[in-house]
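Student: I am new to this structure and would like a close look at a single part of it. Please choose one helix, describe how it sits among its surroundings, and then set it beside other parts.

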Amino acid sequence: FLQGLPAFVEEMKIDSFVVKRGTLELFTGYLEHLRDARENGRPAPRLKKFAFDASSDNSIGPLEATKILPLILPRLESLSLKGNHVGAEGFEVLGRGIRTGQCVCLHALDLENTGIATEGLEILLSAIKEKPLGVEMLCLADNDLNPSRHRYLPKGSRTMMEVLCSMLHPTHLPSVRDLRLARCRMDEEEFRQLGRVLEKGHLPKLESLDFEGNSFHGNLFDRFGIALYIESVPCLKRLNLLPAYDWDSGIGSDFLKALRTDKCPPLEDVRVALGGLNEEQSRDLGLMQYPAIRTLRLRLYANPDSASAFFR
């Protein structure tokens, strides 16, 4: 079947059936055929987008990753490993591809729910220090970026967020426009560290920032308000701050104040859960005085007067 694919095919998505149950060698043989055709100018599909089916039970593991990734990385523009735990071995192959220039065309890298650990991030950091990676979309959603709260961290070791913050530097990742950190179990310390990265202007091209499903305890802008400063993120248009549960959100009046300042970037789509608002702020929300807010969860049950002002 694969041998008969027309040359205009640019995207491929496969599941575990293709790479397991004795078919791995057949599939890698097909990828080698594509590589040879590309190198010799023969008609064959030039794959630009490649995804491993996340609905399958771990389409590829470390073994499959070490055999498949070296064959698909050259000239690839989009790679999705979503839902597949490729282990340190898989990230070693990806890091090697970055160092050797195989990933120069890569614009989108989806590592959602890959179980990436500190070791995996360190491997990628080491690679992009040698050769910057021009990805515009980086997704690390559904990975635990705060695992140290569950276990002892050896002295001198770096946390996952510390490594990620080192990666988010214009000399390493100069083109990031879309950063997805949804459901990463980020807490106060993780937001504080990432806030410093934004404050320094290390993501000047950032247009979309997704934190959905994290917990926003306390006053968010005591530690992360810098994310709404135009000097830090001049291109930011989309901001997702919807918590996993509405009562997990400490976002309130300070957020609305930040939206109205001259320092606010050109936000167009804000998703947020708000609480603790006074009557004036609730009334302004009801009158749509904050056009950037497109999705809103509002907690007014503790303040009947604010609820009345919103619906008035």
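Tutor: What follows starts with the whole chain, turns to helix α4, and then moves on to other parts.

This is a predicted model, in which local features need pLDDT of at least 70 and side-chain atom pairs count only at pLDDT 80 or more, while totals for chains, interfaces and linings use all residues. Residues are numbered from 1 along each chain as its sequence is written, and side-chain values use heavy atoms, with hydrogens and water left out.

The protein has ten helices and ten strands; these are DSSP runs numbered from the N terminus, a helix being H or I with at least four residues and a strand being E with at least two. Of its 312 residues, 49% count as buried. Buried means under 20% relative accessible area, exposed means over 50%, and partly exposed is in between, computed with a 1.4 Å probe on protein chains only. Contact means heavy atoms within 4.5 Å. Among contacts between residues at least 6 apart in sequence, 80% join residues at least 24 apart.

Now to α4, which covers residues 87-99. Helix α4 has 13 residues and reaches 19 Å from its first C-alpha to its last, close to the 18 Å expected at 1.5 Å a residue. The expected span is 1.5 Å times one less than the number of residues in the helix. The buried residues of α4 are G90, F91, V93, L94, G95, G97 and I98. What covers these buried residues includes α3 (62-72), β3 (78-80), β4 (108-110) and α5. Just after α4, G101 takes a positive phi of about 85°.

One of these neighbours, α5, deserves detail. Two packed helices are described by the angle between their axes and the distance between the axes. The axes of α4 and α5 (residues 118-130) come within 8 Å and cross at roughly 5°. Here axes are lines fitted to C-alpha atoms, for helices over the stretch in contact, and angles run from 0 to 180 degrees between N-to-C directions. The two helices, α4 and α5, are therefore roughly parallel to each other; angles under 35 degrees count as roughly parallel, over 145 as roughly antiparallel, 65 to 115 as roughly perpendicular and the rest as oblique. On the α4 side the contact is made by A88, F91, E92, L94, G95, I98 and R99. On the α5 side it is made by E119, G120, I123, L124, S126, A127, I128 and E130. By class, the residues of this contact divide into eight nonpolar, three polar and four charged. Ala, Val, Leu, Ile, Met, Phe, Trp, Tyr, Cys and Pro count as nonpolar, Asp, Glu, Lys and Arg as charged, and the others, Gly among them, as polar.

In the loop between β4 and α5 is N113. This residue has a positive phi of about 50° although it is not a glycine. With a relative accessible area of 35%, N113 is partly exposed.

Another helix pair can be set beside this one. Helix α6 (residues 160-167) and helix α7 (residues 188-199) pack at an angle of about 10°, with their axes 10 Å apart. That makes α6 roughly parallel to α7. M161, E162 and C165 of α6 meet E190, Q193, L194 and V197 of α7 in this contact. It has four nonpolar, one polar and two charged residues. The twelve residues of α7 should span 16 Å at 1.5 Å a residue, and its end C-alpha atoms are 16 Å apart, which agrees. The buried residues of α7 include F191, G195 and L198, and its buried residues pack against α6 and β7 (208-210). Just after α7, G201 takes a positive phi of about 75°.

D142 lies in the loop between β5 (137-139) and α6. D142 also is not a glycine and has a positive phi, of about 60°. Its relative accessible area is 29%, so D142 is partly exposed.

Last comes the core. A nonpolar core is a set of buried Ala, Val, Leu, Ile, Met, Phe, Trp, Tyr and Cys residues joined through side-chain atoms within 4.5 Å. Of the 87 residues in the largest one, F52, L79, L181 and F255 touch the most other members. Not counting residues up to four places away in sequence, L181 touches L140, A141, L145, L164, M186, L194, D210, F211 and N214.
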